[in-house]
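Me: Please give a close account of one part of this structure, with attention to how a strand pairs and what surrounds it.

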Amino acid sequence: MYLAHHTHRLVMRRCSISSMLVPSSIRFALLPSSSSSSSSTSNGSSTSDPSSGCGVTLQFLHDDSVAVITLQNPKRRNALTVSMMEQLDMHVQSLLRWSTNDSSNYNNNNARAVILTGGGGTFCSGLDLHDNETPSTAETAGGSTNSSSSSSHLLRDGKNMLYHMTRVTNQLLSLPVLSISAIDGYAMGGGAELTTCTDLVVLSRDAKIQFVHAKRGASPGWGGLRRLIKKVGRERALRMLLLGECILGEEEALGARSGGKISYYADVVANEGETALHATMRAVINPLLDLPCSQSIRAIKRAVSSADGDGEVIDCIDGSTLKLDTNLAMMGERDAFLSVWGGKANLEQIQKARDRIKGTPGK
Ligand SMILES: CCC(=O)SCCNC(=O)CCNC(=O)[C@H](O)C(C)(C)COP(=O)(O)OP(=O)(O)OC[C@H]1O[C@@H](n2cnc3c(N)ncnc32)[C@H](O)[C@@H]1OP(=O)(O)O
């Protein structure tokens, strides 16, 4: 086995004490895995299925200034089921309200950062290869806005997956706060795409980001392809998309490929009971908490987003706003995805991957 998995996981606590009163060295608190991140807090939202522990949780900490989204499918390396995609979509919609303060649910807007992570010492193994036979329902999704989701199967209905995941990735990246992927273990396929939609990526030494789409007879479709090119450049993106090149925490530790350009490697000295990834997340988040007000974070993030690209801003069909040239690139990526998704080669390769990983459906 190439990667050793941590037995701990990144779980964060909502602090009731004002962050201004807590010394910065312990400001960003992380709890060991014995604490459940799937139970609801007074200001967090849990959509885990208690029997399987499978779902996506949203928690707030530091006086609601930091939101943490945790992907959890413990028996399948946090593979994404249709229901989890819908939950993720729902959480991102509420983060949009939280960070833009246009909802009565969030009166005091101190929003500063969003962290995207996975439970159980790994990030996300892409879509759940055993979820195809499981129809998603609006009820399990906690109230989906898309009526077509009620009988969707991942392979048969790539459009439904695109609907949710394009919205999730576009809106996560456009949130007016700093977004960070905190990655232990695998980020594969759709999991790798998710890492491209946060502003920063923090890797543990055992992190591995791999775009396995081509191996599965597919092509990225959630915007990950376009964003990967932006992050690593066209040439490396092609090597990653077609030749199996990965982003490895171990290599980033040596400053090997990206020279620190695309990620932070988790190299901060850890306190007792925390991992290097936790310690690095603390070091990344604390300066944000130290800023005197959250408005400047949002103003700067908006300005960076609008400066980052040229072209006319337009409203997209999913409600998000994109630069015109970005939207055209998205359409190209979506069309490429739809041209292969659910086709013969894709179905064969997904079946081969299923046979290879051998998980039991419904387990
Ligand atoms: C948007 C398009 C996409 O996302 S296409 C990409 C789909 N994903 C993949 O092809 C990744 C498939 N998984 C793997 O290659 C491996 O499981 C990886 C992630 C490398 C982990 O390897 P390893 O540490 O050896 O664990 P393992 O294979 O024994 O897996 C542990 C249990 O988890 C399960 N699992 C893992 N990934 C998925 C998945 N994507 N869908 C469903 N189940 C998955 C495995 O089946 C295994 O289950 P079990 O313990 O044998 O019952």
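Reply: Two strands are taken to pair if DSSP finds at least two bridges between them. Strands and helices are themselves DSSP runs, numbered from the N terminus: E over at least two residues for a strand, H or I over at least four for a helix. The model is a predicted one, in which local features need pLDDT of at least 70 and side-chain atom pairs count only at pLDDT 80 or more, while totals for chains, interfaces and linings use all residues. Residues are numbered from 1 along each chain as its sequence is written, and side-chain values use heavy atoms, with hydrogens and water left out.

Confidence comes before detail. The mean pLDDT (the predictor's confidence in each residue, from 0 to 100) is 77 for the chain, and 70% of the residues reach 70 or more. Among the elements, strand β8 (residues 186–188) has the highest mean, 98, and strand β1 (residues 11–12) the lowest, 30. Residues 1–42 have pLDDT below 50, although the model gives this stretch 105 contacts beyond near neighbours in sequence; contact here means heavy atoms within 4.5 Å. A further stretch, residues 133–152, also stays under 50, with 37 contacts beyond four places in sequence. Where pLDDT is low, the predicted coordinates should not be read in detail. For the complex, the predictor gives an ipTM of 0.98 and a pTM of 0.81.

The part examined here is strand β5 (66–72). A residue is called buried under 20% relative accessible area, exposed over 50%, and partly exposed in between, with a 1.4 Å probe and protein chains only. Of the 7 residues of β5, 7 are buried, so the strand is largely enclosed by the rest of the structure. In a regular strand the side chains alternate between the two faces of the sheet. In β5, V66, V68, T70 and Q72 point one way, A67, I69 and L71 point the other way, and both groups are buried.

On one side, β5 pairs with β4 in the antiparallel sense over 7 bridges. G55 of β4 has Q72 of β5 as its bridge partner. The hairpin of β4 and β5 has 4 residues between the strands, and H62 takes a positive phi near 55° there. D63, in the loop between β4 (55–61) and β5, likewise has a positive phi, near 55°, and is partly exposed at a relative accessible area of 28%. D64 is in that loop as well; its phi is positive, about 65°, although it is not a glycine, and at 18% relative accessibility it counts as buried. Most residues other than glycine have a negative phi, and most peptide bonds are trans.

β5 also pairs with β6, here in the parallel sense over 6 bridges. V66 stands opposite A113 in β6, and V68 stands opposite I115. Strand β6 (residues 113–118) is itself mostly covered, with 6 of its 6 residues buried. Its two faces are A113, I115 and T117 on one side and V114, L116 and G118 on the other. From β6 the pairing continues to strand β7 (residues 178–183), which runs parallel to β6 and is joined to it by 5 bridges; V114 has S179 in β7 as its bridge partner.

The nonpolar surroundings can now be described. A nonpolar core is a set of buried Ala, Val, Leu, Ile, Met, Phe, Trp, Tyr and Cys residues joined through side-chain atoms within 4.5 Å. The largest one has 50 residues, and I69 and L194 have the most contacts inside it. Helix α2 (residues 82–100) gives the most to this core, with 6 residues. Apart from this core lies another, of 16 residues, including L61, I180, L277 and V284. In soluble globular proteins, nonpolar side chains tend to be buried together.

Beyond its neighbours within four places in sequence, L194 is in contact with several residues, among them L71, L88, L116 and W222. Helix α2 is mostly covered, as 15 of its 19 residues are buried. The helix reaches 27 Å from its first C-alpha to its last, close to the 27 Å expected at 1.5 Å a residue; the expected span is 1.5 Å times one less than the number of residues.
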